[in-house]
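Thanks for sharing this one; I had a pleasant time going through it. Below are a few notes you may like to keep beside the viewer.

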Amino acid sequence: MHVEIDINELISKCLLGEASDEEKAELDRRLAGDGELQMKISLLLDKDDFVSRYKQYAAIDYKKARRQFFDTHESHDRHSLLKWMKRIASVAAIVVVAMALWTWLADSRSPQSPVIDQQTLVAMEKMEKSGFNQATLVVKGSLSSNVATANDAAVKMKQVEDVAVTAQATETPEATLVTRHDKEFWMVLDDGTHVHLNYNSSLTYPMHFRGGERRVSLEGEAYFIVAKDSRHPFVVTTPNGDIRDYGTEFCVNTKSKTGGTNVVLVSGKVGVVPTDGIETILKPGEKAEMNGRREAAVSEVDIAPYVAWNTGQFFFDGCPLEELLDVIARWYNVTVEFKSDDIRTMRFTGNIDKYESILPTIHAIKEVTGVDITLSEGKMVIMCSEQEQQYTQ
């Protein structure tokens, strides 16, 4: 009866040059049929510590060591002692390799939950308390009721999972979260990845990740804090290409002013792959723009303006007052009326806390620009201050 060799032992023998032709063929057969196993072996051999240990073992002159031992320690049972030494050396070497394999495979067996920093946790709490944490959940084309909070979202997702139990085993329910112009949403995916969906955005994802990769689709803007899992790459699909994550935090915006998709890397490593293009690896502090070219355009940036929204800030850098107030009007669901065209082009630089009520926001804009802003029945009226009007008369 054929007994299948344990994969760790098989790899160990091949690495140590002790595998028979049959065992080598067996390993080749398993590798050919298992892409994940190929990736594991490749990553293992890339580990400097493992390669170093193996080279040290391979460099040992066993015959010389044996002669030195017997010159020093005479024995009446040289043959038995020699067999024992060979056995120890062989077993020890296989144990070293197998332990390295086992440790590495154990590390990659399940996703590692990401760490959420204190600033982000505070922003999450403020958003929840202010009522801005809201989205609509759509499952298989059936529109669900509005999701009011993260806890309510978990309840509704659990209901979807219960329905999925009765579905076919091959079926993976897919959901889409959609935010409005004045709402955002924090959620946790099946693997522990945290996603912050900005306003006017949608994220489509499987209720359960299956297969070789974890793939989601984004329209709009989202901040990802990905659960590390080297066995199952995390991929974000956008209209302009894919973002392949290697355990990190990054921000994606598919609606940039240039019409393409911007990716800003905060920490870790990601690869950006434009549609029908080639992959480019980003380093922290770099931005990639995918906009119809085969290779993404990469530049170093100050990440603060791109990720400020993730911690509850509107960031404006020399922004015309008209554009600024358009953002504010949509966020707070009000209209804007300018009494003078001259003040539309005034510039504003600074941060605004978007989880505050609209009144502190209006006050901050007035303080920086010097204009008068009144709010009544859902309309903001912007005019020159009395002092400015006197000056221009």
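The points below take up the largest pocket and then one histidine.

1. A reminder before we start: this is a predicted model, and every value here is computed from it.

2. Let's begin with the largest pocket, which holds about 1,200 Å³ of space. Its lining is made up of 36 residues, and those closest to the centre are E221, N253, K257, P305 and F315.

3. Which elements supply at least two residues each to that lining? They are the strands β11 (249-253), β12 (261-267), β15 (286-290) and β17 (313-320), together with the helices α9 (304-307) and α10 (321-332). The largest share comes from β17, with eight residues.

4. If you are thinking about the chemical character of the pocket, the lining divides by class into 15 nonpolar, ten polar and eleven charged residues.

5. Now please look at H196, which sits in strand β5 (residues 194-197). Is H196 buried or exposed? Its relative accessibility is 0%, so H196 counts as buried, the cut-off being under 20%.

6. The side chain of H196 has polar partners. One polar contact goes to the side chain of E184 at 2.7 Å, and another reaches the side chain of N310 at 2.8 Å.

7. Setting aside neighbours within four places in sequence, H196 is in contact with M127, E184, F185, W186, E221, A222, Y223, W309, N310 and Y355. One name here links back to point 2: E221, a contact of H196, is also listed among the residues closest to the centre of the largest pocket.

How values were computed. Residues are numbered from 1 along each chain as its sequence is written. This is a predicted model: local features need pLDDT of at least 70, side-chain atom pairs count only at pLDDT 80 or more; totals for chains, interfaces and linings use all residues. Side-chain values use heavy atoms; hydrogens and water are left out. On a 1 Å grid over the protein atoms alone, a cavity is a set of points where a 1.4 Å probe fits but cannot get out, and a pocket is an open set with protein on both sides within 12 Å along at least five of seven lines; lining residues have an atom within 4 Å of a point. Grid points are joined across faces, edges and corners, and a volume is the space filled by probe spheres set on the points. Helices (H or I, at least four residues) and strands (E, at least two) are DSSP runs, numbered from the N terminus. Ala, Val, Leu, Ile, Met, Phe, Trp, Tyr, Cys and Pro count as nonpolar, Asp, Glu, Lys and Arg as charged, and the others, Gly among them, as polar. Buried means under 20% relative accessible area, exposed over 50%, partly exposed in between (1.4 Å probe, protein chains only). A polar contact is a pair of N or O atoms within 3.5 Å; within protein, one must be able to donate a hydrogen and the other to accept it, and residues adjacent in sequence count only if both atoms are side-chain atoms. Contact means heavy atoms within 4.5 Å.
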